[in-house]
Amino acid sequence: MRSVPGRLSRLFDLGLWLVVCVPPVTAATSLHGPDVLTAAVGVPLLGAAVALSRRWPLAASAVPVALSLALDVQMSTPLYWTALVLFGYLAGQRMATARPALWFFGAVATAGLPLCAFVLRDLWGWPMQLLTLLLTVVLPWLVGRYRRQYAELVGTGWRLADRLEREQQAVADRARIRERARIAGDMHDSLGHDLTLIAVRAGALELDPGLDARQQAAIGELREAAGAATERLREIIGVLRADDEQPPRVPAAENAEALVERVRNSGVTVTLERLGDTDDTDDLPPMVGLAVHRVLQEALTNAAKHAPGTAVQVRLVRDGALLGLSVVNDPATVAPLPGVASGGSGLVGLDERVRLAGGTLRTGSTPEGGFEVVAELPVTGGTAARATTAARPTVSAGELARARRQVRRRLVQTVVVPLAVLAGILLLMIPISFVSSSFSVLGRDRYEQLEVGDVRSRLPAFTRDGPPDDAPPTPRGEDCVYYNTRTASADAYRLCFAHDRLVSKAIVGGSR
C-alpha cells in the first residue's frame with residue numbers, strides 16, 4: 001500500500017502538469033502552422049519536466065525555457081510564462097546549491113545575444129529577452145530559494161526547542177547527580193576515614209603478644225568486619241560518586257589538631273608543625289577550609305592504609321596570601337594491612353577540591369622513598385578556580401545564528417538581485433541603441449536605386465527598432481520594414497514588401 005505522502009506528491013505533480021498545460025492547450029485552437037505543432041509538442045515535454053522536477057529541478061526548469069525560445073527568441077509569448085514561473089520557483093525551493101542555476105541563467109542570457117542578432121536580426125530583442133528571463137524565471141527562483149531557507153530556519157528552531165527540552169531534563173538529572181555526589185563525598189571522607197582507622201587499630205592489636213588466642217581471634221574478626229564494611233562503602237560510593245560542585249562544609253569543631261590527635265589514637269605516629277600565622281585557621285574561606293580539611297584527612301588515611309607503622313609529618317605554612325599544607329610519610333617497611341580496601345579515586349577528588357578553591361595539588365614519591373601530598377591554597381576569598389575553561393557559544397546558538405544569517409542573505413538577494421539585473425539591462429540598452437542604430441542605416445544612394453518590383457536583397461541585416469511615432473499603419477497583406485537614414489536619426493526609410501517584392505517606399509518621420 002502506497003504511503004499518504006507519496007500519493008499527495010503524485011497528485012501535486014498531476015495538478016502542476018494540468019496547470020502549466022492550460023495556456024498552450026487553450027491557445028492551440030486559435031494558432032496555425034508551426035505554432036500548433038509547437039504547442040502540441042509542448043504538452044508531453046511539460047509532462048516530462050514535471051517528472052524531472054523533484055530529482056532534477058533545474059533540468060525541469062530548462063524545458064519551458066527551451067519551448068519559449070522556440071516560439072519567440074525574445075520569450076515574449078505568454079504560452080509558457082506560467083510554466084516558467086512555477087518551475088523556476090520549484091527549482092529555487094528544491095535545489096540545495098545555487099551555483100548550477102546561476103550558470104544556467106548566465107548561459108541562457110549569453111546565448112540570447114547571437115539568437116537575437118542572427119535569427120531575429122534585432123538587437124533590441126536581447127534586452128527584452130533578459131527582462132522576460134528575469135521576471136519569469138530568476139525572480140521566482142529567488143523567491144523559492146528564500147522560501148527554502150525560511151523553512152530550514154523554522155526546522156532549526158524546532159530542533160533547538162527539542163534540544164532545549166532535553167537540556168532542561170539533563171539539568172534536573174545533574175542536580176540529582178550532584179546531591180548523590182555530596183552524599184558520596186560525605187561517606188568517603190568521613191565514614192571511610194573512620195573505618196580505615198578502626199581497621200588499622202584492630203590490625204595493630206591483633207599482633208599484640210600480650211593477648212591470648214581468643215582475644216586475638218575476636219580482634220581479627222573486628223578487623224575483617226571493618227575491612228568488609230570499608231569495601232561495601234567503596235562499592236556504594238562507586239554508584240553514587242560524580243563530580244561534586246557543592247561540597248559539604250568542614251565538620252564542626254574538627255580542626256587540624258583534632259584530626260591529627262584522632263589519628264594518633266589509632267596507633268599512627270603523626271607530628272604537626274605550624275609555620276607562620278597558622279594558629280587560627282577559622283578565618284579561611286569556606287572552600288579553602290574544606291580543601292585543607294579534606295587534604296589532611298585523605299593524606300593521613302592513605303598513609304595509614306599503605307604505609308602502616310611509619311611516621312607521618314604534617315606541616316602547615318602560611319606565607320602572606322598563600323597557605324601551604326604538606327603531608328609526608330616515611331618509606332613503608334611492611335606490606336599494607338590485609339582487609340583494608342582502597343577506592344583509587346581519593347587523590348583525584350582532592351585535586352578537584354583544591355582546584356575549586358583556587359589552589360594547586362602535587363602528589364608523588366619523595367627522594368627517600370616515601371610519599372608526599374602538597375597543597376597550596378589562597379587564604380583570601382573570591383579566588384576563581386584555576387584552569388577554568390572560557391565560555392564558548394553553544395552549538396545550538398551557532399546553528400541558529402548561521403540560519404538567521406542565511407535567511408537575511410537570501411532576503412537581500414531576492415530584493416537586490418532583480419533590481420541590479422534590471423539596472424544592468426537598462427544600462428545595456430545605451431550601447432545597444434548606438435550599435436543597432438549604426439547597423440540599421442540604409443544609404444541614400446541605395447534607397448534611390450530601389451524601384452517597385454525589386455526583390456528584397458542587398459539590404460542591411462538589421463532593421464530599425466520599430467517605426468517612427470507618426471508612421472502610417474502597415475497595409476494589409478504587406479510586410480513593412482524601417483531603416484535609419486543616419487545614425488540616431490528621427491526619420492526612417494519605409495520599405496513595404498509583398499511576397500518579397502517591393503511594392504512601396506517612403507520617408508517617414510521628422511524630415512519628411
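Is Arg456 buried, exposed or partly exposed, and what is its relative accessible area? In this predicted model, Arg456 is partly exposed, with a relative accessible area of 30%. The side chain of Arg456 meets that of Asp479 in a salt bridge, with an N to O distance of 3.2 Å. Arg456 belongs to the loop between helix 12 (444-449) and strand 6 (479-484), whereas Asp479 lies in strand 6 itself, so the pair ties together parts that are 23 residues apart in sequence. Asp479 also counts as partly exposed, at 36% relative accessibility. Through salt bridges that share partners, Arg456, Asp479 and Asp500 are joined into one network.

The count of salt bridges comes to 8. One of the pairs is formed by Glu273 and Arg315, whose side chains meet at 3.3 Å, N to O. Glu273 is located in strand 1 (residues 269-276) and Arg315 in strand 2, so this salt bridge ties together parts separated by 42 residues in sequence. Glu273 is partly exposed, with a relative accessible area of 35%, and Arg315 is likewise partly exposed, at 39%. A further salt bridge is found between the side chains of Glu261 and Arg264, at 3.1 Å, N to O. Glu261 and Arg264 are 3 residues apart in helix 8 (residues 256-264), which means that about one helical turn separates them. For Glu261 the relative accessible area is 36%, which places this residue in the partly exposed class; Arg264, at 33%, is partly exposed as well.

Strand 2, which carries Arg315, spans residues 311-319 and pairs with strand 3 in the antiparallel sense over 8 bridges. Within this pairing, Arg318 stands opposite Leu323 of strand 3. The two strands form a hairpin with 2 residues between them, and Gly320 in the turn adopts a positive phi of about 65 degrees. Strand 3 is also joined by 8 bridges to strand 5 (residues 371-378), and these two strands run antiparallel. In this second pairing, Glu376 of strand 5 is the bridge partner of Gly324. Strand 3 thus has pairings with strand 2 and with strand 5. Of the 8 residues of strand 3 (residues 322-329), 6 are buried, so the strand is largely enclosed by the rest of the structure. In a regular strand, side chains alternate between the two faces of the sheet.

The helical segments provide examples of both a surface patch and a buried position. Leu37, Val41 and Leu45 make up a nonpolar patch on the surface, and their accessible area together is about 250 Å². Leu45 is part of helix 2 (residues 34-52) and counts as partly exposed, at 36% relative accessibility. Pro64, by contrast, is placed in helix 3 (residues 57-71) and is buried, with a relative accessible area of 0%. When neighbours within four places in sequence are set aside, the contacts of Pro64 are Leu46, Tyr80, Ala83, Leu84 and Phe87. For one of these contacts, Ala83, the C-alpha atom is separated from that of Pro64 by 6.1 Å, although the two residues are 19 residues apart along the chain.

Notes:
Residues numbered from 1 in each chain as written. Predicted model: local features only at pLDDT ≥ 70, side-chain atom pairs only at ≥ 80, totals over all residues. Heavy atoms only, no water. Buried < 20%, exposed > 50% of the residue type's maximum accessible area, 1.4 Å probe, protein only. Helix = DSSP H or I, 4+ residues; strand = E, 2+ residues; numbered from the N terminus. Pairing = 2+ DSSP bridges. Salt bridge = Lys/Arg side-chain N within 4 Å of Asp/Glu carboxyl O. Patch = residues over 30% accessible without salt bridge, like charges linked within 9 Å, V, L, I, M, F, W, Y side chains within 5 Å. Areas by Shrake-Rupley, 256 points an atom, 1.4 Å probe, with all protein chains shown as cover. Contact = heavy atoms within 4.5 Å.
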